[in-house]
Amino acid sequence: MFMKKSLLAMIILSTAAFGANPGGKVPTAGQEKGEVGVPMEVRVTVLPQGPQLVLLDENDVLINKLTFDHGSMVAGLSKKSTLEKEVRLARADGKAFGSNAETYKAKFEAKDLNGNAIAGDGSKNLTLNGHGAASGKTVDSTLNYRNDEIAVTAKDKMVMTKVTSIIDAIPAGKEPGLYVGSGTFNATLTMD
């Protein structure tokens with residue numbers, strides 16, 4: 001029983017210490033204070049080097065999940081949201097792809113969870129499905145990325161594309177809730 005009370009007290013204190021989002025109101029008189037905050041955490045996992053192909057971000061950090069969080073958009077108010085990330089195909093040891101005069105072709109592609117291609121030129125959308133109160137509703141998003149075959153030499157150490165996720169302005173009256181679209185972003189390296 002003491003443990004439960006201690007845990008509850010810690011949760012209440014941490015909520016008060018960190019604030020909440022949305023937070024307090026804007027002050028309207030002298031000495032008043034409005035506050036807003038979110039929890040914060042910093043972590044890292046270290047992996048070994050090797051000849052395996054990996055997808056890295058612009059800081060050469062392994063991408064575990066390519067996430068585009070457009071945050072909270074207000075229906076009828078928020079403008080189009082555009083987020084961009086860099087994706088690099090490389091070896092996990094940072095060495096060149098080949099050792100002699102080999103030539104390769106690299107290709108990036110995205111697919112939804114049903115295996116349907118999401119064209120990198122924005123011609124095919126990724127559908128975001130609503131959850132909770134928005135269940136059964138959808139929002140379209142567009143992905144732009146380099147989707148042509150890319151010539152790669154034995155001396156190349158990396159092939160890169162920018163991936164842009166776009167959600168157009170949400171119209172007024174759109175059912176509020178969380179909308180999520182999932183799939184995979186792949187890179188293929190083929191020896192000629």
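A residue counts as buried when its relative accessible area is under 20%. Phe 185, at 15% relative accessibility, therefore counts as buried, and it is a good place to start a tour of this predicted model.

**Figure 1. Phe 108, Tyr 145 and Phe 185 are linked by ring pairs into a cluster.**
Two aromatic pairs turn up when the whole structure is searched. In one of them, Phe 108 and Phe 185 are stacked, with 6.0 Å from centre to centre and 25° between the planes. Phe 108 belongs to strand 3 (residues 103-112) and Phe 185 to strand 10 (residues 183-191), so this pair ties together parts that are 77 residues apart in sequence. Are Phe 108 and Phe 185 buried or exposed? Both are buried. The rings of Tyr 145 and Phe 185 have centres 5.2 Å apart and planes at 80°; since planes over 60 degrees apart count as edge-to-face, this pair is edge-to-face. Here too, distant parts of the chain are linked: Tyr 145 sits in the loop between strand 6 (138-144) and strand 7 (150-153), 40 residues away from Phe 185 in strand 10. Tyr 145 has 8% relative accessibility, so it counts as buried as well.

**Figure 2. Strand 3 shows two faces.**
In a regular strand, side chains alternate between the two faces of the sheet. Follow strand 3 and you meet Tyr 104, Ala 106, Phe 108, Ala 110 and Asp 112 pointing to one face, where they are buried. Thr 103, Lys 105, Lys 107, Glu 109 and Lys 111 point to the other face and are not buried. Strand 7 alternates too: Ile 150 and Val 152 point to one face and are buried, while Ala 151 and Thr 153 point to the other and are not.

**Figure 3. Strand 3 meets its partners, strand 10 among them.**
Which strand pairs with strand 3 over nine bridges? That is strand 10, in the antiparallel sense, and within this pairing Ala 106 has Leu 189 as its bridge partner. Strand 7 is joined to strand 3 by four bridges, and these two strands also run antiparallel. Lys 105 is matched with Ala 151 of strand 7, and Thr 103 with Thr 153. Strand 4 (residues 117-118) runs antiparallel to strand 3 and is joined to it by two bridges, with Ala 110 standing opposite Ile 118. Strand 3 and strand 4 form a hairpin with four residues between the strands, where Gly 115 takes a positive phi near 85°.

**Figure 4. Six strands make an open antiparallel sheet.**
Reading across the sheet, the order of the strands is 1-2-8-6-5-9. Strand 1 (53-56) and strand 9 (178-180) stand at the edges with a single partner strand each, so one side of each has no neighbour in the sheet. From one strand to the next, the twist averages 30°. Strand 1 and strand 2 (residues 81-91) run antiparallel and are joined by four bridges. One of the residues to look for is Val 54, whose bridge partner in strand 2 is Ala 90.

**Figure 5. Two loops hold residues with a positive phi.**
Most residues other than glycine have a negative phi. Gln 31 has a positive phi near 70° and is not a glycine. Its place is in the loop between helix 1 (2-18) and strand 1. Gln 31 is exposed, with a relative accessible area of 84%. Asp 60, another residue that is not a glycine, has a positive phi of about 60°. Asp 60 lies in the loop between strand 1 and strand 2, and at 47% relative accessibility it counts as partly exposed. Lys 65 lies in the loop between strand 1 and strand 2 as well, and it counts as exposed at 69% relative accessibility. From Lys 65 to Ser 81 the distance is 20 Å, C-alpha to C-alpha, and the two are 16 residues apart in sequence.

**Figure 6. The largest pocket contains about 1000 Å³ of space.**
Which residues are closest to the centre of the largest pocket? Of the 38 lining residues, they are Phe 68, Leu 128, Tyr 179, Val 180 and Gly 181. Strand 3, strand 5 (126-131), strand 6, strand 8 (158-167), strand 9 and strand 10 each give two or more residues to the lining. Phe 68 has another contact worth finding: the charged end of Lys 85 sits over its ring, 5.7 Å from the centre.

Definitions and conventions
Residues are numbered from 1 along each chain as its sequence is written. Side-chain values use heavy atoms; hydrogens and water are left out. Two strands pair if DSSP finds at least two bridges between them. Axes are lines fitted to C-alpha atoms, for helices over the stretch in contact, and angles run from 0 to 180 degrees between N-to-C directions. Buried means under 20% relative accessible area, exposed over 50%, partly exposed in between (1.4 Å probe, protein chains only). Rings of Phe, Tyr and Trp (its six-membered ring) pair if their centres lie within 6.5 Å; planes under 30 degrees apart count as stacked, over 60 as edge-to-face and the rest as tilted. A charge sits over a ring if NZ of Lys or CZ of Arg is within 6 Å of the ring centre and within 35 degrees of the ring normal. On a 1 Å grid over the protein atoms alone, a cavity is a set of points where a 1.4 Å probe fits but cannot get out, and a pocket is an open set with protein on both sides within 12 Å along at least five of seven lines; lining residues have an atom within 4 Å of a point. Grid points are joined across faces, edges and corners, and a volume is the space filled by probe spheres set on the points.
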